[in-house]
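Colleague: I would like to learn how charged side chains are read in a model like this one. Could we go through some cases together, slowly?

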Amino acid sequence: MTKGKISEIGVRRETADETVAESSYRQIRADIIFGRLAPGLKLKLDNLKSAYETSVSTLREILNRLTSEGLVVAEGQRGFEVARVSVADLKEVAALRLLLEEHALEQSFEQGDVEWEARLVSAHYKLARMEEVMASGDSSRAEDWKRYDWEFHQALISACGSRLLMETHSAVFDKYLRYQMVALSYRGRVAEQEHRQLLEAALQRDSKTAKKILQRHIQGGVEHALEKGSLSALPSQT
């Protein structure tokens with residue numbers, strides 16, 4: 001009887017540990033993507049242990065997982081650091097995002113139903129409202145703005161019919177999003193107009209037009225970052 005109780009408690013503890021580990025992983029990952037943990041920052045386990053209230057062993061597992069995703073770099077005996085940034089990497093990430101999103105977009109336009117249209121309209125509405133906030137000069141909700149941006153682009157391709165394609169695109173988009181948070185800035189009405197045009201093309205199932213708009217949208221973001229010279233002040237890859 002006692003053995004059964006101990007076993008049950010053990011299972012509950014294991015489940016709780018897994019929940020804590022997953023929660024810490026998601027938080028650290030988000031902090032890297034949103035720039036709260038800056039490119040090139042040394043990730044000292046003792047500091048992270050206090051900040052994220054988790055064990056050193058769990059942190060090692062999390063950082064190794066993030067290393068496999070390209071968001072963290074393992075430095076052998078010297079520990080870990082947040083992956084650095086570079087112009088070349090930004091261009092490569094942007095090109096890969098465009099390749100994946102164009103393909104998924106075309107499939108989504110062909111297979112999307114009325115439920116997909118509803119998700120898309122809803123996602124665009126939230127993004128448009130947040131873009132109004134950004135246009136007013138209030139950057140305090142920049143993370144909400146980018147979250148809604150992510151949701152809109154995910155909604156665009158959500159009817160593509162491939163879970164693997166969605167997951168791969170999401171991982172690449174997150175890397176692009178990190179550049180947006182640490183280097184790219186709000187492009188104003190141009191980006192708003194491109195989002196509106198993408199919505200209209202989607203509702204009309206016009207993938208050819210949507211691809212052209214998407215190309216301008218992504219390339220415009222990269223060019224904007226390069227013109228501002230935002231990357232020059234950040235630690236670069238060697």
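Colleague: Which residue forms a salt bridge with arginine 29, and how far apart are the closest N and O atoms?

Modeller: Please keep in mind that this is a predicted model. A salt bridge is read from the distance between a side-chain nitrogen of Lys or Arg and a carboxyl oxygen of Asp or Glu, which has to be within 4 Å. Arginine 29 pairs in this way with aspartate 174, with 2.7 Å between the closest N and O atoms. The pair links distant parts of the chain, since arginine 29 belongs to helix α1 (residues 2-33) and aspartate 174 to helix α7 (residues 163-182), 145 residues apart.

Colleague: Are arginine 29 and aspartate 174 buried or exposed?

Modeller: Both arginine 29 and aspartate 174 are buried. The structure holds 21 salt bridges, and another of them joins arginine 97 to glutamate 101, where the closest N and O atoms are 2.8 Å apart. Arginine 97 and glutamate 101 both sit in helix α4, four residues apart, which is about one turn of the helix.

Colleague: Why does arginine 97 count as buried, and what is the relative accessible area of glutamate 101?

Modeller: Buried means under 20% relative accessible area. Arginine 97 counts as buried because its relative accessibility is 1%, while glutamate 101 is buried with a relative accessible area of 0%.

Colleague: What can be said of the salt bridge between lysine 126 and glutamate 151?

Modeller: The closest N and O atoms of lysine 126 and glutamate 151 are 3.2 Å apart. Lysine 126 lies in helix α5 (residues 114-135) and glutamate 151 in helix α6 (residues 142-157), so this salt bridge ties together parts that are 25 residues apart in sequence. Lysine 126 counts as partly exposed, at 31% relative accessibility, and glutamate 151 is likewise partly exposed, at 23%. Through shared partners, salt bridges join Lys126, Arg141, Asp144, Arg147 and Glu151 into one network.

Colleague: Which buried residue has no salt bridge, and how far away is the nearest side chain of opposite charge?

Modeller: That is glutamate 102, which is buried yet unpaired, the nearest side chain of opposite charge being lysine 211 at 6.0 Å. Glutamate 102 lies in helix α4 (residues 87-111), and its side chain makes a polar contact of 2.8 Å with the side chain of glutamine 215. Leaving aside neighbours within four places in sequence, glutamate 102 is in contact with Lys211, Leu214 and Gln215.

How values were computed
Residues are numbered from 1 along each chain as its sequence is written. This is a predicted model: local features need pLDDT of at least 70, side-chain atom pairs count only at pLDDT 80 or more; totals for chains, interfaces and linings use all residues. Side-chain values use heavy atoms; hydrogens and water are left out. Helices (H or I, at least four residues) and strands (E, at least two) are DSSP runs, numbered from the N terminus. Buried means under 20% relative accessible area, exposed over 50%, partly exposed in between (1.4 Å probe, protein chains only). Lys and Arg count as positive and Asp and Glu as negative; His and the chain ends are not counted. A polar contact is a pair of N or O atoms within 3.5 Å; within protein, one must be able to donate a hydrogen and the other to accept it, and residues adjacent in sequence count only if both atoms are side-chain atoms. Contact means heavy atoms within 4.5 Å.
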